[in-house]
Amino acid sequence: MKKHGSRFLLLCLTALFLTGTAHANSMPPDYRVAVRVINAPEELYYLDLLKQLDGGRPGPAPEELDPVLLEAMEQAEPEGWLACTLSGMGDYFRGDMAGENGLHVFHGLDAPKVFRILIVTKSGESWVSEPIEREILNTSVTVDWETHTARLKPKWVAMGVQLFATLLPTLGIEGLVLMAFGLSSKRNWLVFLSVNLVTQGALSLMLSSALVQGSLYMLPFFLIFMIPVELLIAAVEANIYKLWFRGKSQRRAFWYGFAANGISYALGWVVVNLVWAGLISL
């Protein structure tokens, strides 16, 4: 058992390292801004985020949208600001200017930390919000077109949604591993839930305070930094499970802690992005 457990631990640590470094060159959780328009214009309109101008127009405007309205939007850009989706910011930013049922979602590693909202209607009416600052990974803004106001969702509410988005996939993945290890019992589930509430709460705070302050170019270093953090969490959880789980050997409970965290980390980013995408649309 000890020999197989050591091999399994080595496999988990290798997968953990490879997954973490691979994320640095793929698509980790990105920044999302969801803008919901209430009392929206009855005519066709486009909405885009504005970033402070730091150079020329990066690329072509989206081809599938109304060129006349796109030109009107370009003309409505205030001095010193650039429309993100309209400017074709490239592979690291995506935006839904047309929206669906009044919801416009923008996401990408290049999403501006400070942005304004620009709305232009088919008849030529336009409006620009005051600057808004992102404080967490997922930002939600409600725009009232009738009053021309923009309201940012309270940070504590957004933080709660973000915690739920990271906690739910973790509980699902690690809960399945818990059952696979034959450790499912009322006591063990209570220990499992308590431990994950604490660790996922801490990770959620770290994501909101560290990732949002960085940039696309700093993110790979943050993800590499997360590897020892994840290993530390795995070691702490494994020892807690070893002491508090009942029904099986302490050795099995210990290996479960590493296995659950390794599998959760390998699959978690993908699942978390899917959950975030669903929650931010609510």
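## Salt bridges

K122 is partly exposed, with a relative accessibility of 44%. In this predicted model, the side chain of K122 meets that of D66 in a salt bridge, with 2.4 Å from N to O. The two residues come from distant parts of the chain, 56 residues apart. D66 sits in the loop between β2 (45–52) and α2 (67–76), while K122 sits in the loop between β6 (114–121) and β7 (126–128). The two ends of the bridge fall into separate classes of accessibility. D66 has a relative accessibility of 18% and counts as buried, because the cut-off for buried is under 20%. K122, at 44%, lies between that cut-off and the 50% above which a residue is exposed, so K122 counts as partly exposed.

How many salt bridges does the model contain? The count comes to two. The other pair is K113 and E133, whose closest N and O atoms are 2.7 Å apart. K113 lies in the loop between β5 (103–108) and β6, and E133 belongs to strand β8 (residues 132–133), so this salt bridge ties together parts of the chain that are 20 residues apart in sequence. K113 is partly exposed at 24% relative accessibility, and E133 is partly exposed as well, with a relative accessible area of 42%.

## The five-stranded sheet

Five strands form an open sheet in the order β4-β5-β1-β9-β10, and the pairing is mixed. Why do β4 (94–95) and β10 each have one side without a neighbour in the sheet? Both stand at the edges and have a single partner strand each, so one side of each is left free of a neighbouring strand. Strands of a sheet pair through backbone hydrogen bonds, in either parallel or antiparallel fashion.

At the β10 edge, strand β9 (residues 138–144) runs antiparallel to strand β10 (residues 149–152), and four bridges join the two. Two of the residue pairs can be named. V141 has L152 as its bridge partner in β10, and V143 has A150 as its partner in β10. In a regular strand, side chains alternate between the two faces of the sheet.

## Turns and positive phi angles

β9 and β10 form a hairpin with four residues between them. H148 is in the turn of this hairpin, in the loop between β9 and β10. H148 is not a glycine, yet has a positive phi of about 55°. Its relative accessible area is 29%, and H148 is therefore partly exposed.

Another residue with a positive phi is N39, at about 50°, and N39 is not a glycine either. The loop between β1 (31–38) and β2 holds N39. With a relative accessibility of 39%, N39 counts as partly exposed.

## The second largest pocket

The second largest pocket has a volume of about 220 Å³. Its lining consists of 14 residues. Which of them lie nearest the centre of the pocket? These are P62, E64, T85, R94 and G95. By residue type, the lining of this pocket divides into seven nonpolar, four polar and three charged residues.

## The end of helix α5

W244 belongs to helix α5 (residues 219–244). Leaving aside residues up to four places away in sequence, W244 touches R187, N188 and V191. The C-alpha atoms of W244 and V191 are separated by 7.2 Å, although the two residues are 53 residues apart along the chain. Is W244 buried, partly exposed or exposed? W244 counts as partly exposed, at 48% relative accessibility, because a residue has to be over 50% to count as exposed.

## The chain as a whole

The secondary structure of the chain comes to six helices and 10 strands. The chain has 282 residues, and buried residues make up 48% of them. Of the contacts between residues at least 6 apart in sequence, 71% join residues at least 24 apart.

Definitions and conventions. Residues numbered from 1 in each chain as written. Predicted model: local features only at pLDDT ≥ 70, side-chain atom pairs only at ≥ 80, totals over all residues. Heavy atoms only, no water. Pairing = 2+ DSSP bridges. Salt bridge = Lys/Arg side-chain N within 4 Å of Asp/Glu carboxyl O. Buried < 20%, exposed > 50% of the residue type's maximum accessible area, 1.4 Å probe, protein only. 1 Å grid on protein atoms, 1.4 Å probe; cavity = no way out; pocket = protein on both sides within 12 Å on 5 of 7 lines; lining within 4 Å. Points joined across faces, edges and corners; volume = space filled by probe spheres on them. Nonpolar A, V, L, I, M, F, W, Y, C, P; charged D, E, K, R; others polar. Contact = heavy atoms within 4.5 Å.
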